[in-house]
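The following exercises are to be worked with the sequence and the coordinates at hand. Each consists of a task and a stepwise solution.

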Amino acid sequence: MKKILIASSLVLATSAFAASNIPLEQQISSFTVEEVTPFSISSLESRLSNRKTDDTGGSEGGQDQTPPATEPQKPSFEQKVETSGKVIQLARDMVALGEAIYELVKKGRPTNITEYAPISVVPRDPISKEYAEPFELEGFSMPVERNFVAKVKNGMGKEVVNFSYKVMYSYGGSFNGSGKYLTNVIIVPGEVRTTFGWDFNATMKLSGIMNHGTKAEPVAGIMVTMKYQMNSWSTAFERNDTIHITGAGEVKNHSM
């Protein structure tokens, strides 16, 4: 009986050692990035509020109770510099402002990204080489939010990494009545779930800017790259996905 137990222990130990030496590339069976639409309590409340307004025929007494609009206070020079960020990429007619690269997830935990300036793509004067501040543009859309989730499965089909994040941006801003530009482009990490033995990291960086329109009517485009790093005790694995956003509000995720 003791010989059988010893033999069984040797078989299990050999199998565990062999599994630990399998390259991480072979341990991964699939990597997917998909867009999701999370349930929002605020959106439901907004729908119910709109329905109630429609049923009652507007506000009480038929009078407009909307407070008068106030003139927005212009930001100071110091506020412009602080919120616009630094120049991170130049093109002939455009310039990208913000932070070139920042961490989203470090060792399986979302990082605090509040110290990083979001990315903006603004017009640039081809003669003077000066660029407009985002505050000088007008007509930007309300912030848009798109939700994605990245999933990693091992060779047995079991999910070992689940990382959710938000892509946020405002689009359509014009300068002197022309163009469609971008501002406040940022990726916000959400929940990260990993199984034991996996070390997951993620970063975002600016890959490029472009003009999808004409010289007279520019349409800014931006490409940001999500870099995923998955480490085990034996090896490391990296993957890059590119998110493309345009000044017309279009978003496309290119999984590589």
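**Exercise 1. Classify Arg193 and its salt-bridge partner Glu191 by accessibility, and place the pair in its network.**

Step 1. Arg193 has a relative accessibility of 41% and therefore counts as partly exposed; this class lies between buried, under 20% relative accessible area, and exposed, over 50% (1.4 Å probe, protein chains only). The model is a predicted one, in which local features need pLDDT of at least 70 and side-chain atom pairs count only at pLDDT 80 or more, while totals for chains, interfaces and linings use all residues. Residues are numbered from 1 along each chain as its sequence is written, and side-chain values use heavy atoms, with hydrogens and water left out.

Step 2. Glu191 is partly exposed as well, with a relative accessible area of 46%.

Step 3. The side chains of Glu191 and Arg193 meet in a salt bridge with an N to O distance of 3.5 Å. The term denotes a side-chain nitrogen of Lys or Arg within 4 Å of a carboxyl oxygen of Asp or Glu.

Step 4. By this rule the count comes to eight salt bridges.

**Exercise 2. Determine which strands are tied together by the salt bridge of Glu238 and Lys227.**

Step 1. The closest N and O atoms of Glu238 and Lys227 are 3.7 Å apart.

Step 2. Glu238 belongs to strand β12 (residues 236-246) and Lys227 to strand β11 (residues 220-231), so the salt bridge ties together parts that are eleven residues apart in sequence. Strands are DSSP runs (E, at least two residues), numbered from the N terminus.

Step 3. Glu238 counts as partly exposed at 48% relative accessibility, and Lys227 does so at 30%.

Step 4. To complete Exercise 1: salt bridges that share partners join Glu159, Glu191 and Arg193 into one network.

**Exercise 3. Carry out the corresponding analysis for Glu34 and Lys151.**

Step 1. Glu34 forms a salt bridge with Lys151, and their closest N and O atoms are 3.6 Å apart.

Step 2. Since Glu34 lies in strand β1 (residues 28-36) and Lys151 in strand β7, the pair ties together parts that are 117 residues apart in sequence.

Step 3. The relative accessible area of Glu34 is 34%, which makes this residue partly exposed. Lys151, at 24% relative accessibility, also counts as partly exposed.

**Exercise 4. Give the strand order of the open six-stranded sheet and identify its edges.**

Step 1. The order is β5-β4-β10-β11-β12-β13, with antiparallel pairing. Two strands pair if DSSP finds at least two bridges between them.

Step 2. β5 and β13 (251-255) stand at the edges; each has a single partner strand, so one side of each is left without a neighbour in the sheet.

Step 3. Strand β4 (residues 101-106) is joined to strand β10 (residues 199-211) by four bridges. Tyr102 stands opposite Met204 in β10, and the bridge partner of Glu103 in β10 is Thr203.

Step 4. Two bridges pair β4 with strand β5 (residues 109-110) in the antiparallel sense, and Val105 has Pro110 in β5 as its bridge partner. The hairpin of β4 and β5 has two residues between the strands, and Lys107 takes a positive phi near 55° there.

**Exercise 5. Describe the hairpin of β2 and β3 and the surface patch that includes Leu90.**

Step 1. Strand β2 (residues 86-90) and strand β3 (residues 94-98) run antiparallel and are joined by four bridges. The hairpin connects them through three residues, and Leu90 stands opposite Val95 in β3.

Step 2. Val87, Leu90 and Tyr131 form a nonpolar patch on the surface, with about 250 Å² of accessible area together. Tyr131 is found in the loop between β6 and β7 (144-154). Patch members have over 30% relative accessible area and no salt bridge; nonpolar side chains (Val, Leu, Ile, Met, Phe, Trp, Tyr) are joined within 5 Å, and like charges within 9 Å. Accessible areas come from the Shrake-Rupley method with a 1.4 Å probe; for residues, only the protein chains shown count as cover.

**Exercise 6. Is Ser120 buried or exposed, and what does its side chain approach?**

Step 1. Ser120 lies in strand β6 (residues 119-123). Its relative accessibility is 3%, so Ser120 counts as buried.

Step 2. The side chains of Ser120 and Thr183 are joined by a polar contact of 2.8 Å. Such a contact is a pair of N or O atoms within 3.5 Å; within protein, one must be able to donate a hydrogen and the other to accept it, and residues adjacent in sequence count only if both atoms are side-chain atoms.

Step 3. A polar atom of the Ser120 side chain lies 3.5 Å from the backbone nitrogen of Asn184.

Step 4. Leaving aside neighbours within four places in sequence, Ser120 is in contact (heavy atoms within 4.5 Å) with residues including Val95, Pro134 and Leu182.
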